[in-house]
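Please open the structure in your viewer and keep the selection tool at hand. The tour below goes from one selection to the next and says what is found at each stop.

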Amino acid sequence: CFVLGVCWSWPQFVETNEPDKVRRSLFGLWVLLTLEEWLLYILGVVSLWSLIILLFCNVWGHLDAFLRFPIVHDLDSFFALKQLFLLLFKIGGYLLGFKMLRQNLAWAVLVLLLNVCTLPIIWLTALPIGDVTSYHQKHDVKDQDLALRLWRVVLAPTDRSAAMTSLKSSGRKMLAALANAMPWLKPLVLRIDPVMVRVLRKTAV
């Protein structure tokens, strides 16, 4: 299923949809991964400090990359080196924080493959690498490190207001996508945010 999804279904989805929709899909996968790693901690598979490392890598690594999608960075840039470091850091967090590693070595390898390798592969296959014309296309994405964004949000009221507006808009789009994909969720979505009635009408068209 993994090979079929990554090698066929996902590239086809990327080619037939706008970058904004692909970005929202990446956000959804990021949420699923984060919840699944929380579940590993709740079930006692990984330790608390391991979970902290995993969440740190997920936020500063995956989330930062998805926020900047579809921008392509050079291999020698700070962004690329940071992503490589966080990938190795996350592997270390799993290996050192996985409880009873020797007794569950097969499961540990499977978890590493799924939770460490899947999202980076999906993200890389979605990037327009080699498509020079796409590098200069206009988009609303800021090529700015997430840590710097958060720092400015804390210090500047205008940036904080803009970030909240963007967060609300992205959250509503994600809820609309979920409600359209799973209609039985619509009553719950409308209860959370009544304004979603208009959003659902637009996305359903």
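Does Phe85 count as buried, partly exposed or exposed, and at what relative accessibility? Keep in mind, as you select this residue, that the model is a predicted one. Phe85 has a relative accessibility of 49%, and because exposed means over 50%, Phe85 counts as partly exposed.

Now add Phe89 to the selection, which at 32% relative accessibility is likewise counted as partly exposed. Both residues belong to helix H4, residues 78–97, where they are 4 residues apart and therefore separated by about one helical turn. Their rings form a stacked aromatic pair, with 5.8 Å from centre to centre and 15° between the planes.

Next, select Phe56 and Trp60, which sit 4 residues apart in helix H3, so that about one helical turn separates them. The structure holds 5 aromatic pairs. In the pair made by Phe56 and Trp60, the ring centres are 5.8 Å apart and the planes stand at 50°, so this pair is tilted. Phe56 is partly exposed at 41% relative accessibility, and Trp60 is partly exposed too, with a relative accessible area of 22%. If you now show Phe56, Trp60, Phe85 and Phe89 together, you have a cluster that is linked by ring pairs.

Stay with helix H3, which covers residues 48–68, and move to Ser50 within it. Ser50 has a relative accessibility of 0% and so counts as buried. Leaving aside residues up to four places away in sequence, Ser50 touches Gly93, Tyr94 and Gly97, which you may add to the view.

For the following stop, display H3 beside helix H5, residues 105–126; the two pack at an angle of about 15°, and their axes are 11 Å apart. An angle of this kind makes H3 roughly parallel to H5, and the crossing in which H3 passes H5 is left-handed. To see where they meet, select His62, Ala65 and Phe66 on H3 together with Leu119, Pro120 and Trp123 on H5, the residues that make the contact. By type, the residues of this contact divide into 5 nonpolar, 1 polar and no charged.

The last selection is Glu36, which lies in helix H2, residues 19–42, and counts as partly exposed because its relative accessibility is 29%. Add Asn115 and draw a distance between the C-alpha atoms: Glu36 and Asn115 are 79 residues apart along the chain, and these atoms are separated by 8.8 Å.

How values were computed. Residues numbered from 1 in each chain as written. Predicted model: local features only at pLDDT ≥ 70, side-chain atom pairs only at ≥ 80, totals over all residues. Heavy atoms only, no water. Buried < 20%, exposed > 50% of the residue type's maximum accessible area, 1.4 Å probe, protein only. Contact = heavy atoms within 4.5 Å. Axes fitted to C-alpha atoms, helices over the stretch in contact; angles between N-to-C directions. Parallel < 35°, antiparallel > 145°, perpendicular 65-115°, else oblique. Left-handed = near helix turned anticlockwise from the far one by under 90°. Nonpolar A, V, L, I, M, F, W, Y, C, P; charged D, E, K, R; others polar. Phe/Tyr/Trp six-rings, centres within 6.5 Å; stacked < 30°, edge-to-face > 60°.
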